[in-house]
Amino acid sequence: MILEHYIDGAHVPSISGDTFTSLEPATNRPYLTVSAGHAEDVAAAVAAARKAFGDGPWPRMPAGERAATLRAIAAAIETRDERLAALECRDTGLPITQARGQARRAAQNFRFFADVITTLGEDVYRVGSAQLNYVLRKPVGVAGLITPWNTPFMLATWKLAPALAAGCPVVLKPAEWSPLSAGLLPEIMEEAGLPPGVFNLVHGIGEDAGAALVEHPDVPVISFTGESATGRVIMRAAAGHLKTLSMELGGKSPLIVFDDADLERALDAAVFGVFSLNGERCTASSRVLAHAPIYAEFTARLAERAAQVRVGVPDDPATELGALIHPDHHAQVSEYVRIGVAEGARLAAGGARPPHLPEGNYLSATVFADVTPDMRVFQEEIFGPVVCVTPFGSESEAVELANATRYGLAAYVWTSDLRRAHRMAQAVESGMVWVNSQNVRDLRTPFGGVKASGLGREGGRHSIDVYTAAHIVHLATEDLPVPRFGTA
């Protein structure tokens, strides 16, 4: 069986007949053959989406009708919760308990944006009694969605739901390392009654299918989640067509713990923030900055907790840390462990393959202590179960260390001093800051980063703004004086 593309309501192979093979992270054995899309496959998908935009009912439906379809999509996802979680677990190496949570969030995304699109009002400005100015949101056209491999189904729905809610037909290009769960989307969309051509799916390698989608002139908006280097390539390619871009890129997020913090809760947040989802999350708190008075205690306790994180096969409900996505990624993360040791960081926990898991992409929960800002493990995104701990002596030094990387996606501050909490929240260079909290999302708030962590914001009405253009109407409600030119 070959996992095919889905274009204009039909499953189709690549025009070239090309395929690629997907590996199971727990064993690194081939288990899935996938159609490899190229520019001609992307062109067919864009043409179908473009026809649905120009001639189909979807962009012209009342918001309430589109919302009803989105809720039907959510219901179709919920009936497949366990199946989705099992596919995601096998395809990505995520622990099954965490994969179940991601499946539930996927359905929530569609329900949330169904509510957004039916409650979102238009802006109206009155100029006395003489003129009324109002702003209409119109779908911009075909949306190109390029999604990552770490939590693929949930993050696909994070883009699909607002794009569809806004009235845009879409072309989705899933990550080639985790294509399996996207294969359920066609039957979900059909069951919900989405018109043909509104949802299109093209598998393929990023340099082929992804690049073709970015470069296609009939795709005015691209939403991308992935690494910063790829984001720069996309920006260059999109510049020629002046496309709208929304890009959530890499992170190296600090978790800052002051000596007056609730250390037990901060420790729980630190362990969760970097070891859940196998450490393969953009908002991972991969740099712990600990106040000097509690540095030794906090580091020792973090290392002790890391040593107790249960590494195991992804489908075991007891597993807390599963297999990394791909042997290439496992090799890259393992190389960072070697680099950290070579640079002089103290390996306080982990750093090696667990002996009871001789095959697959496994790495124990790893803690580096005594990390300095000049080290690569402090500066570079590792995207795995590796955390670096660095001491600071003062609030100003904590800010300096927090801002000492090129990234600025998320930050976490732990303190019982309310004034300090506000000062730190405003001084840290990041798109998002959590104070005395782990990464608890509110879907109404904007999500995104600064510096090398991306551009644009998604979440709530901010997501709708990505996929719509403002159309402003100025209406005179009584006669206005008109300047007269060319009269004597």
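1. Burial. In this predicted model, 56% of the 488 residues in the protein chain are buried. The accessible surface of the protein chain is about 19,600 Å², and carbon and sulfur atoms account for 54% of that surface.

2. Overall dimensions. The protein chain contains 15 helices and 23 strands. Its radius of gyration is 24 Å, close to the 23 Å that the globule rule gives for 488 residues, so the chain is as compact as a globular protein of that length. Along the principal axes, the C-alpha atoms fill a box of roughly 85 × 60 × 40 Å.

3. Contacts along the sequence. Taking contacts in the protein chain between residues at least 6 apart in sequence, 73% join residues at least 24 apart.

4. Strand β19. This strand covers residues 410–414, and five of the five residues are buried; β19 is therefore largely enclosed by the rest of the structure. Here "buried" stands for a relative accessible area under 20%. The side chains fall into two sets: A410, Y412 and W414 point one way from β19, while A411 and V413 point the other way. Both sets are buried.

5. Neighbours of β19. Strands of a sheet pair through backbone hydrogen bonds, either parallel or antiparallel. With strand β13 (residues 254–257), β19 pairs in the parallel sense over three bridges. Within this pairing, Y412 in β19 is the bridge partner of L255. Strand β20 (residues 432–435) also runs parallel to β19, and four bridges join the two. On that side, A411 of β19 stands opposite V433 in β20.

6. Connection from β19 to β20. The chain leaves β19, passes through helix α14 (residues 418–427) and arrives at β20. This β-α-β crossover is right-handed.

7. The sheet with β1. Three strands form an open sheet in the order β1-β5-β4, and the pairing is mixed. The edges are taken by β1 (2–3) and β4 (19–24); each has a single partner strand, so one side of each is left without a neighbour in the sheet. Strand β1 runs parallel to β5 (residues 29–35), with two bridges joining them. In this pair, L3 stands opposite V34 in β5.

8. Points to check in the viewer. For β19, look at the parallel pairings with β13 and with β20, and at the burial of residues 410–414. For the open sheet, look at the edge positions of β1 and β4.

Key: Residues are numbered from 1 along each chain as its sequence is written. This is a predicted model: local features need pLDDT of at least 70, side-chain atom pairs count only at pLDDT 80 or more; totals for chains, interfaces and linings use all residues. Side-chain values use heavy atoms; hydrogens and water are left out. Buried means under 20% relative accessible area, exposed over 50%, partly exposed in between (1.4 Å probe, protein chains only). Two strands pair if DSSP finds at least two bridges between them. A crossover is right-handed if, with the strands pointing away from the viewer, the path from the first strand over the helix to the second runs clockwise. The radius of gyration is taken over C-alpha atoms; the globule rule is 2.2 Å times the number of residues to the power 0.38. Contact means heavy atoms within 4.5 Å. Accessible areas come from the Shrake-Rupley method with a 1.4 Å probe; for residues, only the protein chains shown count as cover.
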